[in-house]
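Q: Could you take me through one part of this structure up close? I'd like to look at the cysteines, and then see how that part sits in the rest of the protein.

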Amino acid sequence: MIDTHSHILPELDDGSKSVDESINMLKVLKEQGITHVIATPHFKMTDNKTSIDDFLAKREKSYQKLINKIERQGLDLPKIFLGSEVLLTMDLIEADGINRLCIENTDIMLIELPYYEWQSWIFRMLYNLCDNNFIEPILAHVDRYVDFISKDMYEQLFSLGYKAQINTEFVDKKAAHKKLKKWLKSGQICYVGSDTHGIDFRPPTFDKYFKKIKKIAGDDFIKNADDCSAKLIKKLEK
Ligand SMILES: [Fe+2]
């Protein structure tokens, strides 16, 4: 199974603090049955005035540091693929070469929505960004907005037809189970990620997820999530 959301790359964002911590996170993921991991460091254009070129250069440096140590030590760990977690902001439309933020070998981008009540520009912006650039979005951790986003607003978001991802910690959030039930059933929510930030802070929790998800979301959800996972792995490895 693939972990579609992780902050596994060292010394890059608020995720792993060192190469050794990244290796430990990968070991924990492997123990939990994960074979592939997408590294999705934060890309926030507004906050940092980060250019995509700078971001990609830093990401590559961090990845090389990690992969060099893994190879030197001959470790058998989940395969890492490079992506990003792009925060949806108004100025993103001006970004040069936005498709370079997609997951490698794909036109799929993990997109994070703002942490306040979504206004109509959010939906327009998301649609225009994806439509103009032929991007297939994965809506990041839709369970993390439940405390301030109404069911109606979720309706608007999911009416765009995009696929979405839940964090493994979703299994412990009763409010999210209720609010997202419709889209867990419809298959629109089909990607799963740890969103792990470290070995202590938001550690990988697939074990807990596997133990509880069947009861919460049912067999069809599991089948669909397995299918999405397998299709994505196939795309990555083509
Ligand atoms: Fe994240």
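A: Cys190 and Cys228 are joined by a disulfide, with an S to S distance of 2.3 Å. Bear in mind that this is a predicted model. The torsion about the S-S bond is -85°, so the link of Cys190 and Cys228 counts as left-handed. As for where the two ends sit, Cys190 is in strand β9 (residues 189-193) and Cys228 is in helix α7 (residues 206-236). The pair is 38 residues apart and links distant parts of the chain.

Both ends are tucked away: Cys190 is buried, at 1% relative accessibility, and Cys228 is buried too, with a relative accessible area of 9%. The cut-off behind that word is under 20% relative accessible area.

What about other disulfides? A search of the whole structure turns up one. Take Cys102 and Cys130. The cysteine sulfur closest to that of Cys102 belongs to Cys130, and at 8.7 Å it is too far for a bond. Going the other way, the closest cysteine sulfur to Cys130 is in Cys102, again 8.7 Å off and too far for a bond. A disulfide needs the sulfur atoms within 2.5 Å. These two cysteines are also out of sight, since Cys102 is buried at 5% relative accessibility and Cys130 is buried with a relative accessible area of 4%.

Now for the metal site. The iron ion has four protein donors, namely His5 (NE2), His7 (NE2), Glu85 (OE) and Asp195 (OD), at 2.1 to 2.3 Å from the ion. Along the chain, the donors are spaced as H-x1-H-x77-E-x109-D. His5 belongs to strand β1 (residues 2-6) and Glu85 to strand β5 (residues 85-87), so this pair ties together parts that are 80 residues apart in sequence. His5 and Glu85 are both buried. The geometry of the iron site is irregular, with angles of 80 to 167° among the four donor atoms.

A couple of backbone spots deserve a look as well. Glu11 has a phi near 55°, which is positive in a residue other than glycine. Glu11 sits in the loop between β1 and α1 (19-31), and it is partly exposed, with a relative accessible area of 48%. His141 also has a positive phi, near 25°, and again it is a residue other than glycine. You'll find His141 in the loop between β7 (136-139) and α5 (151-158). Is His141 buried or exposed? His141 is buried, with a relative accessible area of 0%.

Stepping back to the whole protein, the secondary structure comes to seven helices and nine strands. The radius of gyration is 17 Å, which agrees with the value near 18 Å that a compact globule of 238 residues would have. Along the principal axes, the C-alpha atoms fill a box of roughly 50 × 45 × 35 Å. Of the 238 residues, 54% are buried. If you count contacts with a separation of 6 or more, 78% of them are between residues 24 or more positions apart. As for the surface, the protein exposes about 11,300 Å², and 50% of that comes from carbon and sulfur atoms.

Notes
Residues numbered from 1 in each chain as written. Predicted model: local features only at pLDDT ≥ 70, side-chain atom pairs only at ≥ 80, totals over all residues. Heavy atoms only, no water. Donors = N, O, S within 2.8 Å, 3.2 Å for Na, K, Ca; no water. Tetrahedral: all angles 85-135°; square planar, octahedral: opposite > 155°, others 65-115°. Helix = DSSP H or I, 4+ residues; strand = E, 2+ residues; numbered from the N terminus. Buried < 20%, exposed > 50% of the residue type's maximum accessible area, 1.4 Å probe, protein only. Rg over C-alpha atoms; globule rule 2.2 N^0.38 Å. Contact = heavy atoms within 4.5 Å. Areas by Shrake-Rupley, 256 points an atom, 1.4 Å probe, with all protein chains shown as cover.
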